[in-house]
Amino acid sequence: MATIALIAQDDNRWAKTLLEVLSQASTSHHCYFAGLSSFSDSESSYIYIPSLTDRAGMMPDLSQAERVFQQCANLHLKKLVLLSSALIYGTGPGRLALVTENYDAGSFRSDRISGSWKSLEAIASRYLKEETRLTILRPVTVLPSPALLSQRLVRRLTLTLPGHDPTLQLLSLSELAAALLCAVEQERSGVFNIAPNGVAPFHSAVRISQSNRIPVPRTLQRLFQASDALDYLRYPWTVSNQKIKEELGFAPKQSSVAAILNFRQPNNPSSASGPTFDKFGMDKSYIHLYGRTLFKFLNDHYWRIEVNGLDHVPRQGPAILIGMHRGFMPWDGVMVLHLLVQQMGRFPRFLTHPGLLKFPFIANFVTKLGGIVACQENADRILNEGELLGVFPEGVKGAFTRYRDAYKLQSFGRNAFVKLALRHRVPIVPFVTVGSAEIFPVFTQIKSRRWTRYSDWPCIPISTFPIIPFPLPSKWHTQFLPAIHVQDEYPPEAAQDSSMVKAISRDVRSKMQQAVDDMLQRRRSMFFGSIFES
(Lines give C-alpha, C1' and ligand atoms only; values in the text may rest on other atoms or scores of the structure.)
Protein backbone atom coordinates (compact mmCIF):
# COMPACT_ATOMS: atom_id res chain seq x y z
CA MET A 1 0.00 0.00 0.00
CA ALA A 2 1.35 3.42 -0.97
CA THR A 3 1.98 5.94 1.79
CA ILE A 4 1.16 9.62 2.17
CA ALA A 5 3.01 11.60 4.80
CA LEU A 6 1.67 14.89 6.08
CA ILE A 7 4.44 17.35 6.93
CA ALA A 8 3.25 19.87 9.51
CA GLN A 9 4.15 21.26 12.89
CA ASP A 10 3.40 18.84 15.73
CA ASP A 11 0.88 21.16 17.41
CA ASN A 12 -1.00 21.95 14.18
CA ARG A 13 -4.44 20.68 15.18
CA TRP A 14 -6.02 21.66 11.86
CA ALA A 15 -3.44 19.60 9.94
CA LYS A 16 -4.19 16.59 12.14
CA THR A 17 -7.91 17.03 11.49
CA LEU A 18 -7.18 17.09 7.76
CA LEU A 19 -5.11 13.91 8.16
CA GLU A 20 -8.13 12.15 9.71
CA VAL A 21 -10.30 13.21 6.78
CA LEU A 22 -7.60 12.05 4.32
CA SER A 23 -7.37 8.65 6.01
CA GLN A 24 -11.13 8.19 5.83
CA ALA A 25 -11.25 9.25 2.17
CA SER A 26 -8.43 7.02 0.92
CA THR A 27 -8.62 3.23 0.68
CA SER A 28 -5.40 2.79 -1.32
CA HIS A 29 -2.99 4.88 0.77
CA HIS A 30 -1.66 4.69 4.29
CA CYS A 31 -1.71 8.24 5.64
CA TYR A 32 0.44 9.30 8.59
CA PHE A 33 1.67 12.44 10.32
CA ALA A 34 5.37 13.00 9.65
CA GLY A 35 6.04 16.18 11.61
CA LEU A 36 8.63 18.69 10.46
CA SER A 37 11.82 16.71 10.90
CA SER A 38 10.91 13.02 11.15
CA PHE A 39 10.29 12.33 7.46
CA SER A 40 12.99 10.37 5.68
CA ASP A 41 11.38 7.94 3.24
CA SER A 42 12.00 9.35 -0.25
CA GLU A 43 9.57 6.83 -1.76
CA SER A 44 6.52 8.25 0.04
CA SER A 45 4.37 11.04 -1.30
CA TYR A 46 4.47 14.08 0.94
CA ILE A 47 1.98 16.87 1.59
CA TYR A 48 3.39 19.96 3.26
CA ILE A 49 1.05 22.22 5.25
CA PRO A 50 2.95 25.36 6.33
CA SER A 51 2.30 26.84 9.73
CA LEU A 52 0.64 30.25 9.92
CA THR A 53 2.24 33.15 11.74
CA ASP A 54 -0.51 35.76 12.11
CA ARG A 55 -3.65 35.86 14.23
CA ALA A 56 -5.81 36.04 11.10
CA GLY A 57 -4.42 32.71 9.90
CA MET A 58 -3.51 34.14 6.50
CA MET A 59 0.33 34.25 6.31
CA PRO A 60 2.69 31.24 6.13
CA ASP A 61 5.80 30.78 8.25
CA LEU A 62 8.50 31.29 5.61
CA SER A 63 11.48 30.41 7.82
CA GLN A 64 9.89 27.06 8.69
CA ALA A 65 9.04 26.46 5.03
CA GLU A 66 12.64 27.06 3.96
CA ARG A 67 13.91 24.47 6.44
CA VAL A 68 11.34 21.94 5.23
CA PHE A 69 12.12 22.51 1.55
CA GLN A 70 15.84 22.25 2.20
CA GLN A 71 15.35 18.88 3.90
CA CYS A 72 13.11 17.73 1.03
CA ALA A 73 15.84 18.67 -1.43
CA ASN A 74 18.46 16.76 0.56
CA LEU A 75 16.27 13.64 0.56
CA HIS A 76 15.55 13.97 -3.18
CA LEU A 77 11.84 13.39 -2.64
CA LYS A 78 9.98 12.06 -5.65
CA LYS A 79 6.67 13.78 -4.92
CA LEU A 80 5.67 16.81 -2.84
CA VAL A 81 2.30 18.52 -2.72
CA LEU A 82 2.48 22.02 -1.30
CA LEU A 83 -0.71 23.38 0.20
CA SER A 84 -0.51 27.05 -0.72
CA SER A 85 -3.52 29.43 -0.85
CA ALA A 86 -5.71 31.40 -3.25
CA LEU A 87 -4.77 34.39 -1.09
CA ILE A 88 -1.74 34.61 -3.38
CA TYR A 89 -3.82 36.54 -5.93
CA GLY A 90 -4.53 39.37 -3.51
CA THR A 91 -7.69 41.41 -3.42
CA GLY A 92 -8.87 44.96 -3.94
CA PRO A 93 -11.45 47.01 -5.84
CA GLY A 94 -9.90 46.21 -9.22
CA ARG A 95 -9.36 42.48 -8.71
CA LEU A 96 -10.90 40.23 -11.33
CA ALA A 97 -13.42 37.52 -10.54
CA LEU A 98 -12.68 33.82 -11.12
CA VAL A 99 -8.98 34.35 -11.79
CA THR A 100 -6.87 31.62 -13.34
CA GLU A 101 -3.53 30.28 -12.13
CA ASN A 102 -1.53 32.69 -14.32
CA TYR A 103 -3.27 35.81 -12.96
CA ASP A 104 -0.87 38.60 -12.01
CA ALA A 105 -2.15 40.56 -9.02
CA GLY A 106 -0.56 43.69 -10.49
CA SER A 107 -1.31 46.66 -8.27
CA PHE A 108 -1.93 44.40 -5.27
CA ARG A 109 1.68 43.26 -5.02
CA SER A 110 2.14 45.43 -1.94
CA ASP A 111 -0.37 43.26 -0.05
CA ARG A 112 1.65 41.52 2.67
CA ILE A 113 -0.62 38.49 2.64
CA SER A 114 -0.43 37.73 -1.08
CA GLY A 115 3.29 38.57 -1.04
CA SER A 116 3.97 36.02 1.68
CA TRP A 117 2.32 33.21 -0.33
CA LYS A 118 4.27 34.21 -3.42
CA SER A 119 7.46 33.99 -1.37
CA LEU A 120 6.45 30.54 -0.11
CA GLU A 121 6.03 29.18 -3.63
CA ALA A 122 9.22 30.87 -4.80
CA ILE A 123 11.20 29.18 -2.01
CA ALA A 124 9.72 25.81 -2.95
CA SER A 125 10.67 26.26 -6.59
CA ARG A 126 14.19 27.32 -5.62
CA TYR A 127 14.93 24.24 -3.50
CA LEU A 128 12.98 21.54 -5.34
CA LYS A 129 14.50 20.91 -8.73
CA GLU A 130 13.56 18.53 -11.51
CA GLU A 131 14.04 15.34 -9.47
CA THR A 132 11.09 16.26 -7.22
CA ARG A 133 7.66 16.43 -8.78
CA LEU A 134 6.17 19.54 -7.14
CA THR A 135 2.42 20.13 -7.21
CA ILE A 136 1.14 23.39 -5.72
CA LEU A 137 -2.50 23.60 -4.69
CA ARG A 138 -4.18 26.94 -4.03
CA PRO A 139 -7.45 26.38 -2.18
CA VAL A 140 -9.95 29.09 -1.38
CA THR A 141 -11.18 29.42 2.22
CA VAL A 142 -11.61 25.98 3.76
CA LEU A 143 -14.41 25.52 6.27
CA PRO A 144 -13.33 24.98 8.99
CA SER A 145 -9.75 26.29 8.96
CA PRO A 146 -7.59 28.86 10.77
CA ALA A 147 -8.29 31.52 8.08
CA LEU A 148 -10.01 34.74 9.13
CA LEU A 149 -13.12 34.20 7.01
CA SER A 150 -13.58 30.70 8.38
CA GLN A 151 -13.03 31.95 11.93
CA ARG A 152 -15.82 34.46 11.46
CA LEU A 153 -18.29 32.05 9.86
CA VAL A 154 -17.99 29.36 12.51
CA ARG A 155 -18.89 31.78 15.30
CA ARG A 156 -22.40 32.59 16.39
CA LEU A 157 -21.64 36.32 16.21
CA THR A 158 -19.93 37.37 12.98
CA LEU A 159 -18.31 40.75 12.48
CA THR A 160 -18.79 42.15 8.98
CA LEU A 161 -17.90 45.43 7.27
CA PRO A 162 -21.00 47.62 6.78
CA GLY A 163 -21.72 48.42 3.14
CA HIS A 164 -19.61 45.55 1.76
CA ASP A 165 -20.95 42.11 0.82
CA PRO A 166 -18.19 40.43 -1.22
CA THR A 167 -18.72 37.31 -3.29
CA LEU A 168 -16.69 34.42 -1.87
CA GLN A 169 -15.96 30.72 -2.34
CA LEU A 170 -15.94 28.19 0.48
CA LEU A 171 -14.44 24.71 0.35
CA SER A 172 -15.31 21.86 2.67
CA LEU A 173 -12.55 19.92 4.40
CA SER A 174 -13.62 16.73 2.63
CA GLU A 175 -13.31 18.41 -0.79
CA LEU A 176 -9.82 19.64 0.09
CA ALA A 177 -8.85 16.10 1.11
CA ALA A 178 -10.20 14.72 -2.17
CA ALA A 179 -8.18 17.29 -4.15
CA LEU A 180 -5.02 16.40 -2.21
CA LEU A 181 -5.50 12.70 -2.95
CA CYS A 182 -6.04 13.49 -6.61
CA ALA A 183 -2.83 15.55 -6.71
CA VAL A 184 -0.87 12.73 -5.05
CA GLU A 185 -2.16 10.08 -7.43
CA GLN A 186 -1.57 12.07 -10.61
CA GLU A 187 1.84 12.29 -12.22
CA ARG A 188 1.42 15.92 -13.22
CA SER A 189 3.20 18.77 -11.51
CA GLY A 190 2.19 22.42 -11.66
CA VAL A 191 -0.07 24.94 -9.94
CA PHE A 192 -3.80 24.36 -9.47
CA ASN A 193 -6.62 26.31 -7.88
CA ILE A 194 -9.09 24.40 -5.70
CA ALA A 195 -12.53 25.97 -5.57
CA PRO A 196 -16.18 24.88 -5.59
CA ASN A 197 -18.40 25.55 -8.59
CA GLY A 198 -20.69 27.95 -6.73
CA VAL A 199 -20.15 31.20 -4.84
CA ALA A 200 -21.87 32.84 -1.88
CA PRO A 201 -22.09 36.51 -0.83
CA PHE A 202 -20.60 37.00 2.62
CA HIS A 203 -23.87 38.12 4.24
CA SER A 204 -25.74 35.15 2.81
CA ALA A 205 -22.98 32.82 4.02
CA VAL A 206 -23.38 34.23 7.52
CA ARG A 207 -27.13 33.66 7.40
CA ILE A 208 -26.79 30.11 6.03
CA SER A 209 -24.21 29.28 8.72
CA GLN A 210 -26.82 30.31 11.31
CA SER A 211 -24.65 33.10 12.61
CA ASN A 212 -25.72 36.60 13.59
CA ARG A 213 -24.14 39.42 11.63
CA ILE A 214 -22.78 42.45 13.48
CA PRO A 215 -21.64 45.28 11.16
CA VAL A 216 -18.60 47.04 12.64
CA PRO A 217 -16.86 49.88 10.74
CA ARG A 218 -13.45 49.09 9.31
CA THR A 219 -11.81 51.89 11.31
CA LEU A 220 -12.83 50.12 14.54
CA GLN A 221 -11.94 46.63 13.37
CA ARG A 222 -8.46 47.84 12.44
CA LEU A 223 -7.79 48.28 16.15
CA PHE A 224 -7.59 44.49 16.55
CA GLN A 225 -7.18 43.21 12.98
CA ALA A 226 -4.68 44.06 10.24
CA SER A 227 -6.02 46.26 7.45
CA ASP A 228 -4.87 43.96 4.62
CA ALA A 229 -6.62 40.99 6.28
CA LEU A 230 -9.87 42.97 6.51
CA ASP A 231 -9.71 43.65 2.77
CA TYR A 232 -10.55 39.97 2.22
CA LEU A 233 -13.87 40.66 3.95
CA ARG A 234 -14.31 43.84 1.92
CA TYR A 235 -13.71 42.85 -1.71
CA PRO A 236 -14.56 39.73 -3.75
CA TRP A 237 -11.82 37.16 -4.34
CA THR A 238 -12.87 34.17 -6.39
CA VAL A 239 -10.80 31.79 -8.53
CA SER A 240 -11.40 29.50 -11.48
CA ASN A 241 -11.26 25.71 -11.00
CA GLN A 242 -11.13 24.89 -14.70
CA LYS A 243 -7.47 23.86 -14.84
CA ILE A 244 -7.66 21.25 -12.07
CA LYS A 245 -10.75 19.78 -13.71
CA GLU A 246 -9.05 19.47 -17.09
CA GLU A 247 -5.54 18.38 -16.06
CA LEU A 248 -6.02 16.47 -12.80
CA GLY A 249 -9.60 15.34 -13.33
CA PHE A 250 -10.75 16.72 -9.99
CA ALA A 251 -14.35 17.97 -10.14
CA PRO A 252 -15.71 19.43 -6.89
CA LYS A 253 -18.98 17.88 -5.79
CA GLN A 254 -20.08 20.51 -3.29
CA SER A 255 -20.96 24.17 -3.73
CA SER A 256 -19.96 26.93 -1.33
CA VAL A 257 -23.43 26.76 0.21
CA ALA A 258 -23.15 22.98 0.63
CA ALA A 259 -19.79 23.45 2.39
CA ILE A 260 -21.51 25.69 4.95
CA LEU A 261 -24.45 23.36 5.41
CA ASN A 262 -22.19 20.33 5.79
CA PHE A 263 -20.14 22.11 8.42
CA ARG A 264 -23.23 22.97 10.44
CA GLN A 265 -24.87 19.56 9.85
CA PRO A 266 -22.01 17.04 9.51
CA ASN A 267 -24.36 14.08 10.05
CA ASN A 268 -26.57 15.11 7.15
CA PRO A 269 -24.16 15.82 4.26
CA SER A 270 -25.41 17.69 1.21
CA SER A 271 -23.90 18.21 -2.22
CA ALA A 272 -26.30 20.65 -3.84
CA SER A 273 -28.70 21.98 -1.20
CA GLY A 274 -29.42 25.63 -0.71
CA PRO A 275 -29.72 28.68 -2.96
CA THR A 276 -27.46 29.52 -5.88
CA PHE A 277 -25.87 32.92 -6.37
CA ASP A 278 -24.53 34.92 -9.30
CA LYS A 279 -20.77 34.54 -9.66
CA PHE A 280 -20.30 38.30 -10.09
CA GLY A 281 -22.62 39.28 -7.24
CA MET A 282 -25.70 40.43 -9.18
CA ASP A 283 -28.87 39.94 -7.14
CA LYS A 284 -32.01 39.85 -9.30
CA SER A 285 -34.34 39.76 -6.30
CA TYR A 286 -32.64 42.94 -5.07
CA ILE A 287 -33.18 44.54 -8.50
CA HIS A 288 -36.84 43.51 -8.55
CA LEU A 289 -37.38 44.85 -5.03
CA TYR A 290 -36.02 48.27 -5.88
CA GLY A 291 -37.74 48.09 -9.26
CA ARG A 292 -41.09 48.02 -7.47
CA THR A 293 -40.16 50.79 -5.04
CA LEU A 294 -37.30 53.30 -5.34
CA PHE A 295 -36.49 52.86 -9.04
CA LYS A 296 -40.16 53.03 -10.00
CA PHE A 297 -40.59 56.26 -8.02
CA LEU A 298 -37.50 57.85 -9.58
CA ASN A 299 -38.43 56.74 -13.10
CA ASP A 300 -42.14 57.55 -13.04
CA HIS A 301 -42.42 60.50 -10.69
CA TYR A 302 -39.11 62.13 -9.78
CA TRP A 303 -37.16 62.24 -13.03
CA ARG A 304 -40.18 61.35 -15.19
CA ILE A 305 -37.98 59.58 -17.72
CA GLU A 306 -39.24 59.41 -21.28
CA VAL A 307 -37.68 56.88 -23.61
CA ASN A 308 -37.37 56.54 -27.36
CA GLY A 309 -35.91 53.77 -29.55
CA LEU A 310 -36.08 50.91 -27.09
CA ASP A 311 -36.84 48.56 -29.99
CA HIS A 312 -33.21 48.93 -31.11
CA VAL A 313 -32.06 46.82 -28.14
CA PRO A 314 -31.96 43.09 -29.04
CA ARG A 315 -34.55 40.98 -27.26
CA GLN A 316 -32.04 38.15 -26.90
CA GLY A 317 -28.38 37.45 -27.48
CA PRO A 318 -25.30 39.53 -26.70
CA ALA A 319 -24.87 43.20 -27.55
CA ILE A 320 -22.82 46.14 -26.30
CA LEU A 321 -24.69 49.16 -24.97
CA ILE A 322 -22.63 52.33 -25.33
CA GLY A 323 -23.75 55.26 -23.18
CA MET A 324 -22.73 58.63 -21.80
CA HIS A 325 -22.52 58.97 -18.03
CA ARG A 326 -23.03 62.28 -16.22
CA GLY A 327 -23.70 63.42 -12.69
CA PHE A 328 -20.69 61.58 -11.07
CA MET A 329 -23.13 59.15 -9.39
CA PRO A 330 -24.17 56.15 -11.54
CA TRP A 331 -27.91 56.88 -11.57
CA ASP A 332 -28.14 57.04 -15.37
CA GLY A 333 -26.82 53.49 -15.61
CA VAL A 334 -29.19 52.39 -12.85
CA MET A 335 -32.19 53.86 -14.67
CA VAL A 336 -31.24 52.13 -17.94
CA LEU A 337 -30.98 48.86 -16.02
CA HIS A 338 -34.43 49.44 -14.52
CA LEU A 339 -35.88 50.26 -17.93
CA LEU A 340 -34.49 47.14 -19.62
CA VAL A 341 -35.56 44.87 -16.76
CA GLN A 342 -39.10 46.27 -16.68
CA GLN A 343 -39.67 46.57 -20.43
CA MET A 344 -37.67 43.64 -21.80
CA GLY A 345 -36.81 41.33 -18.91
CA ARG A 346 -33.11 41.73 -19.69
CA PHE A 347 -30.46 42.34 -17.03
CA PRO A 348 -27.49 44.24 -18.52
CA ARG A 349 -24.17 44.29 -16.71
CA PHE A 350 -22.20 47.52 -16.71
CA LEU A 351 -18.43 47.78 -16.63
CA THR A 352 -17.67 49.75 -13.47
CA HIS A 353 -14.71 51.87 -12.43
CA PRO A 354 -12.93 50.22 -9.46
CA GLY A 355 -13.03 53.51 -7.55
CA LEU A 356 -16.76 53.09 -6.94
CA LEU A 357 -16.18 49.73 -5.24
CA LYS A 358 -13.97 51.30 -2.56
CA PHE A 359 -16.86 53.10 -0.93
CA PRO A 360 -19.13 51.18 1.46
CA PHE A 361 -22.80 50.88 0.50
CA ILE A 362 -22.05 52.24 -2.99
CA ALA A 363 -19.94 49.11 -3.60
CA ASN A 364 -22.72 46.86 -2.35
CA PHE A 365 -25.37 48.73 -4.36
CA VAL A 366 -23.43 48.72 -7.62
CA THR A 367 -22.40 45.06 -7.35
CA LYS A 368 -25.91 43.78 -6.63
CA LEU A 369 -27.19 45.73 -9.65
CA GLY A 370 -24.73 43.91 -11.91
CA GLY A 371 -21.71 46.22 -11.93
CA ILE A 372 -18.45 44.41 -12.68
CA VAL A 373 -14.86 45.64 -12.72
CA ALA A 374 -14.05 47.24 -16.05
CA CYS A 375 -11.56 45.00 -17.87
CA GLN A 376 -11.37 42.92 -21.04
CA GLU A 377 -11.59 39.56 -19.22
CA ASN A 378 -14.90 40.43 -17.56
CA ALA A 379 -16.30 41.89 -20.78
CA ASP A 380 -15.39 38.71 -22.68
CA ARG A 381 -17.15 36.53 -20.11
CA ILE A 382 -20.36 38.56 -20.26
CA LEU A 383 -20.54 38.53 -24.05
CA ASN A 384 -19.62 34.84 -24.27
CA GLU A 385 -22.60 34.08 -22.06
CA GLY A 386 -24.97 35.94 -24.39
CA GLU A 387 -25.69 38.88 -22.09
CA LEU A 388 -25.97 42.62 -22.58
CA LEU A 389 -22.79 44.52 -21.71
CA GLY A 390 -23.04 48.20 -20.78
CA VAL A 391 -20.00 50.42 -21.38
CA PHE A 392 -19.37 54.12 -20.75
CA PRO A 393 -16.41 54.66 -23.10
CA GLU A 394 -15.61 58.17 -21.83
CA GLY A 395 -14.48 56.53 -18.62
CA VAL A 396 -14.52 58.12 -15.20
CA LYS A 397 -13.61 61.53 -16.65
CA GLY A 398 -16.96 61.71 -18.41
CA ALA A 399 -18.79 61.48 -15.08
CA PHE A 400 -16.84 64.48 -13.72
CA THR A 401 -17.28 66.73 -16.75
CA ARG A 402 -18.02 70.34 -15.77
CA TYR A 403 -21.62 71.27 -16.33
CA ARG A 404 -20.79 73.85 -19.00
CA ASP A 405 -19.44 70.97 -21.13
CA ALA A 406 -21.79 68.28 -19.84
CA TYR A 407 -23.34 67.51 -23.20
CA LYS A 408 -20.11 67.46 -25.18
CA LEU A 409 -18.88 63.89 -25.38
CA GLN A 410 -15.32 63.37 -24.20
CA SER A 411 -12.71 61.18 -25.89
CA PHE A 412 -13.58 57.47 -26.03
CA GLY A 413 -10.16 56.46 -24.74
CA ARG A 414 -8.76 53.17 -26.04
CA ASN A 415 -11.92 52.24 -28.01
CA ALA A 416 -11.98 48.83 -26.34
CA PHE A 417 -15.73 48.49 -26.97
CA VAL A 418 -15.14 48.47 -30.74
CA LYS A 419 -12.57 45.69 -30.44
CA LEU A 420 -14.97 43.70 -28.28
CA ALA A 421 -17.77 44.07 -30.82
CA LEU A 422 -15.51 42.99 -33.68
CA ARG A 423 -14.05 39.98 -31.88
CA HIS A 424 -17.36 38.73 -30.49
CA ARG A 425 -19.38 39.61 -33.63
CA VAL A 426 -22.04 41.52 -31.69
CA PRO A 427 -23.91 44.78 -32.46
CA ILE A 428 -23.22 48.12 -30.79
CA VAL A 429 -26.32 49.92 -29.47
CA PRO A 430 -25.55 53.54 -28.49
CA PHE A 431 -27.82 55.38 -26.04
CA VAL A 432 -27.78 58.93 -24.70
CA THR A 433 -29.55 60.69 -21.85
CA VAL A 434 -30.31 64.39 -21.55
CA GLY A 435 -31.22 65.50 -18.04
CA SER A 436 -28.94 63.32 -15.91
CA ALA A 437 -26.19 65.96 -15.90
CA GLU A 438 -28.47 68.24 -13.90
CA ILE A 439 -29.02 65.93 -10.92
CA PHE A 440 -25.54 66.67 -9.50
CA PRO A 441 -24.10 69.38 -11.78
CA VAL A 442 -20.33 69.66 -11.49
CA PHE A 443 -19.39 73.35 -11.27
CA THR A 444 -15.64 72.94 -10.81
CA GLN A 445 -12.99 70.40 -9.84
CA ILE A 446 -10.34 70.29 -7.14
CA LYS A 447 -7.22 68.29 -7.94
CA SER A 448 -5.83 66.32 -5.02
CA ARG A 449 -3.20 63.59 -5.27
CA ARG A 450 -4.12 62.23 -1.86
CA TRP A 451 -7.80 62.00 -2.79
CA THR A 452 -7.00 60.42 -6.16
CA ARG A 453 -4.72 57.87 -4.49
CA TYR A 454 -7.47 56.96 -2.04
CA SER A 455 -10.51 56.98 -4.32
CA ASP A 456 -9.15 56.54 -7.87
CA TRP A 457 -11.29 59.53 -8.82
CA PRO A 458 -9.51 62.13 -10.99
CA CYS A 459 -10.66 65.03 -8.80
CA ILE A 460 -12.96 66.20 -6.03
CA PRO A 461 -16.13 67.43 -7.80
CA ILE A 462 -17.72 70.62 -6.48
CA SER A 463 -21.44 70.22 -6.99
CA THR A 464 -24.79 70.75 -5.29
CA PHE A 465 -23.87 67.72 -3.14
CA PRO A 466 -23.54 67.74 -0.12
CA ILE A 467 -25.13 71.19 0.28
CA ILE A 468 -28.25 69.69 -1.30
CA PRO A 469 -27.96 66.03 -0.21
CA PHE A 470 -30.33 64.62 -2.83
CA PRO A 471 -30.26 64.68 -6.65
CA LEU A 472 -32.22 67.46 -8.34
CA PRO A 473 -35.56 66.49 -9.98
CA SER A 474 -34.60 67.25 -13.56
CA LYS A 475 -36.62 65.86 -16.47
CA TRP A 476 -34.80 62.99 -18.21
CA HIS A 477 -34.92 61.99 -21.87
CA THR A 478 -33.23 58.72 -22.92
CA GLN A 479 -32.82 57.69 -26.53
CA PHE A 480 -31.51 54.41 -27.92
CA LEU A 481 -30.00 54.79 -31.38
CA PRO A 482 -30.16 52.19 -34.17
CA ALA A 483 -27.83 49.26 -33.65
CA ILE A 484 -24.51 49.39 -35.49
CA HIS A 485 -23.85 45.91 -36.87
CA VAL A 486 -20.06 46.01 -37.22
CA GLN A 487 -20.07 42.22 -37.52
CA ASP A 488 -21.80 42.55 -40.90
CA GLU A 489 -19.37 45.11 -42.29
CA TYR A 490 -15.99 44.14 -40.88
CA PRO A 491 -14.11 40.86 -40.32
CA PRO A 492 -12.88 39.87 -36.82
CA GLU A 493 -9.34 40.77 -37.89
CA ALA A 494 -10.40 44.43 -38.02
CA ALA A 495 -9.99 44.50 -34.23
CA GLN A 496 -6.22 44.50 -34.84
CA ASP A 497 -6.39 47.47 -37.23
CA SER A 498 -6.08 50.57 -35.02
CA SER A 499 -7.08 52.99 -37.80
CA MET A 500 -10.25 51.04 -38.56
CA VAL A 501 -11.10 50.75 -34.85
CA LYS A 502 -10.69 54.51 -34.41
CA ALA A 503 -12.87 55.18 -37.45
CA ILE A 504 -15.70 53.02 -36.07
CA SER A 505 -15.36 54.68 -32.67
CA ARG A 506 -15.51 58.15 -34.20
CA ASP A 507 -18.64 57.16 -36.11
CA VAL A 508 -20.35 55.92 -32.92
CA ARG A 509 -19.34 59.06 -31.02
CA SER A 510 -20.52 61.29 -33.85
CA LYS A 511 -23.95 59.66 -33.93
CA MET A 512 -24.29 59.98 -30.17
CA GLN A 513 -23.25 63.63 -30.20
CA GLN A 514 -25.68 64.40 -33.02
CA ALA A 515 -28.50 62.76 -31.05
CA VAL A 516 -27.63 64.79 -27.94
CA ASP A 517 -27.50 68.05 -29.92
CA ASP A 518 -30.90 67.35 -31.50
CA MET A 519 -32.42 66.54 -28.10
CA LEU A 520 -31.03 69.72 -26.54
CA GLN A 521 -32.49 71.82 -29.35
CA ARG A 522 -35.94 70.39 -28.67
CA ARG A 523 -35.70 70.73 -24.89
CA ARG A 524 -37.48 73.81 -23.56
CA SER A 525 -36.91 73.25 -19.84
CA MET A 526 -34.56 71.26 -17.64
CA PHE A 527 -37.47 70.24 -15.42
CA PHE A 528 -40.53 69.89 -17.63
CA GLY A 529 -41.77 68.89 -21.08
CA SER A 530 -41.32 66.19 -23.70
CA ILE A 531 -38.87 66.27 -26.59
CA PHE A 532 -39.86 63.13 -28.48
CA GLU A 533 -42.63 63.17 -31.01
CA SER A 534 -45.75 61.18 -30.17
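## Helix 17 against helix 20

In this predicted model, helix 17 (residues 416–424) packs on helix 20 (residues 498–522) at an angle of about 110°. Their axes are 9 Å apart. Angles of 65 to 115 degrees count as roughly perpendicular, so helix 17 and helix 20 fall in that class.

Helix 17 brings Phe417, Val418, Lys419 and Leu422 to the contact. Helix 20 brings Val501, Ile504, Ser505 and Val508. By class, the residues of this contact are six nonpolar, one polar and one charged.

## What covers helix 17

Which residues of helix 17 are buried? They are Phe417, Val418, Leu420, Ala421, Leu422 and His424. Phe417, Val418 and Leu422 also belong to the contact with helix 20. The cover over the buried residues includes strand 14, helix 15, strand 17, strand 18, helix 19 (486–489) and helix 20.

Arg425 follows helix 17. Its phi is positive, near 60°.

## The seven-stranded sheet

Seven strands form an open sheet with mixed pairing. Their order is 13-21-18-14-17-15-16. Strand 13 (306–308) and strand 16 (372–373) are the edges, each pairing on one side only.

Within this sheet, strand 15 (residues 349–352) runs parallel to strand 17 (residues 388–391), and two bridges join them. Phe350 has Gly390 of strand 17 as its bridge partner. Helix 17 packs on the sheet, where it touches strand 14, strand 17 and strand 18 (428–434). The direction of helix 17 makes about 165° with that of strand 14.

Helix 15 (residues 376–384) also lies across part of the sheet: strand 14 (319–323), strand 15, strand 16 and strand 17. Helix 15 runs at about 145° to strand 17.

## Ile305, ahead of the edge strand

Ile305 sits in the loop that links helix 12 (294–302) to strand 13. Is Ile305 buried or exposed? Its relative accessibility is 14%. The cut-off for buried is under 20%, so Ile305 counts as buried.

Leaving aside residues up to four places away in sequence, Ile305 touches Asn299, Met335, Trp476 and Thr478. Thr433 is 128 residues from Ile305 along the chain, yet their C-alpha atoms are separated by 9.5 Å.

## Strand 4 and its neighbours

Strand 4 (residues 79–83) lies in another part of the chain. Five of its five residues are buried, so strand 4 is largely enclosed by the rest of the structure. In a regular strand, side chains alternate between the two faces of the sheet. Both faces of strand 4 are covered. Lys79, Val81 and Leu83 are buried on one side, and Leu80 and Leu82 on the other.

Strand 4 has parallel partners in strand 3 (residues 45–48) and strand 5 (residues 133–139). Four bridges join strand 3 to strand 4, with Ser45 partnered by Lys79. Between these two strands the chain passes through helix 2 (residues 62–75), and this β-α-β crossover is right-handed. Five bridges join strand 4 to strand 5. Here Val81 has Thr135 as its bridge partner.

Technical notes: Residues are numbered from 1 along each chain as its sequence is written. This is a predicted model: local features need pLDDT of at least 70, side-chain atom pairs count only at pLDDT 80 or more; totals for chains, interfaces and linings use all residues. Side-chain values use heavy atoms; hydrogens and water are left out. Two strands pair if DSSP finds at least two bridges between them. Contact means heavy atoms within 4.5 Å. Axes are lines fitted to C-alpha atoms, for helices over the stretch in contact, and angles run from 0 to 180 degrees between N-to-C directions. Angles under 35 degrees count as roughly parallel, over 145 as roughly antiparallel, 65 to 115 as roughly perpendicular and the rest as oblique. Ala, Val, Leu, Ile, Met, Phe, Trp, Tyr, Cys and Pro count as nonpolar, Asp, Glu, Lys and Arg as charged, and the others, Gly among them, as polar. Buried means under 20% relative accessible area, exposed over 50%, partly exposed in between (1.4 Å probe, protein chains only). A crossover is right-handed if, with the strands pointing away from the viewer, the path from the first strand over the helix to the second runs clockwise.
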